[in-house]
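Here are my notes for anyone opening this one cold. Have a look at the model, then go through the points in order.

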Amino acid sequence: MSQSDTPNIQVLSTEVSQLRQELQLRDQLVQQLSQELFRLVKGNTSFMPQQPEFERDLSHLHALQEQLQAVEQQVAFYQDQITTRDSEIYQLRQSVQELTDRTRMLEQVVQELPQIYRRKFEERMTPVREKIAMLQRENRQLQAELQSVSYRLALKTRNTSHSGIDLPNFPRPASEQTNISTPQNA
């Protein structure tokens with residue numbers, strides 16, 4: 001419902017109140033007239049209203065009844081509109097309440113998101129940290145082995161550098177050993 005409807009409802013409500021007051025006033029006048037007429041007719045039996053006045057009063061009464069019916073129809077119409085608007089207002093209030101509740105829930109979720117992301121990140125980082133720690137242990141172990149091998153290699157190269165060049169020893173066939181001794185005889 002728009003804000004322009006609210007003044008219309010207030011105007012209509014004021015108009016309905018005024019019409020009800022007028023209706024009550026007319027009802028009172030009709031009641032008073034009928035009582036006065038009854039009193040006059042009852043108290044004075046010789047009194048008979050003249051035909052034109054009676055017809056005039058009767059036509060005036062019919063006109064008032066028609067106006068009363070028109071006012072009642074207007075009142076019923078306005079009451080229907082008020083009922084319709086009240087139901088619209090109720091539905092809009094329910095929608096506002098639902099949207100407010102949803103907004104609060106979403107705000108709470110938004111506030112919890114950083115904690116959820118941190119927890120999920122920590123859960124994902126745990127295996128990575130374990131893998132890094134394992135790789136670092138393996139790296140230290142390999143570095144220790146490398147230092148050990150480097151140290152042994154350094155010792156070996158120091159020992160062999162004193163004796164000269166380290167040539168490989170190949171096994172010799174037996175026939176070559178005899179040939180080597182033959183040239184000495186020649």
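**Notes on the predicted model**

1. Let's begin with empty space. This is a predicted model, and it holds 1 cavity of 30 Å³ or more. About 50 Å³ of space lies in that cavity, the largest. If you wonder how one finds such a spot, rolling a probe the size of a water molecule over the atoms shows where empty space is left.

2. Which residues line the largest cavity? Look for Ile 9, Leu 12, Tyr 78, Gln 81, Ile 82 and Arg 85. The elements that give two or more residues to this lining are α1 (5-43) and α2, with α2 giving the most, at 4 residues. By type, the lining divides into 4 nonpolar residues, 1 polar and 1 charged.

3. Ile 82 is a handy place to stop and zoom in. You'll find Ile 82 in helix α2, and Leu 12 is another residue of the cavity lining. Ile 82 and Leu 12 sit 70 residues apart in sequence, yet their C-alpha atoms are 9.0 Å apart in space. Is Ile 82 buried or exposed? Neither, quite: its relative accessibility is 32%, so Ile 82 counts as partly exposed.

4. Now step back to the overall layout. The protein has 3 helices and 0 strands, so if you list the elements from the N terminus on, you simply get α-α-α. Of the 186 residues in the protein, buried ones make up 3%.

5. How many salt bridges are there? The count comes to 2. As background, side chains of opposite charge can pair when their charged atoms come close. One of the two joins Arg 104 to Asp 101, with the closest N and O atoms 3.6 Å apart. These partners are 3 residues apart in helix α2, which means that about one helical turn separates Arg 104 from Asp 101. Arg 104 is exposed, at a relative accessible area of 53%, while Asp 101 counts as partly exposed at 38%.

6. Another salt bridge brings together the side chains of Arg 129 and Glu 122, at 3.0 Å from N to O. Here Arg 129 counts as partly exposed, with 43% relative accessibility. Glu 122 also falls in the partly exposed class, at 39%.

7. Finally, a word on how far to trust all this. The protein averages a pLDDT of 82, and 78% of the residues score at least 70. Where is confidence highest, and where is it lowest? Helix α2 (residues 51-162) is highest, at a mean of 90, whereas helix α3 (residues 174-185) is lowest, at 52.

8. Please take care over residues 181-186, where the pLDDT is below 50. Beyond near neighbours in sequence, this stretch has 0 contacts in the model. Where pLDDT is low, the predicted coordinates should not be read in detail.

Notes:
Residues are numbered from 1 along each chain as its sequence is written. This is a predicted model: local features need pLDDT of at least 70, side-chain atom pairs count only at pLDDT 80 or more; totals for chains, interfaces and linings use all residues. Side-chain values use heavy atoms; hydrogens and water are left out. pLDDT is the predictor's confidence in each residue, from 0 to 100. Contact means heavy atoms within 4.5 Å. On a 1 Å grid over the protein atoms alone, a cavity is a set of points where a 1.4 Å probe fits but cannot get out, and a pocket is an open set with protein on both sides within 12 Å along at least five of seven lines; lining residues have an atom within 4 Å of a point. Grid points are joined across faces, edges and corners, and a volume is the space filled by probe spheres set on the points. Ala, Val, Leu, Ile, Met, Phe, Trp, Tyr, Cys and Pro count as nonpolar, Asp, Glu, Lys and Arg as charged, and the others, Gly among them, as polar. A salt bridge is a side-chain nitrogen of Lys or Arg within 4 Å of a carboxyl oxygen of Asp or Glu. Buried means under 20% relative accessible area, exposed over 50%, partly exposed in between (1.4 Å probe, protein chains only).
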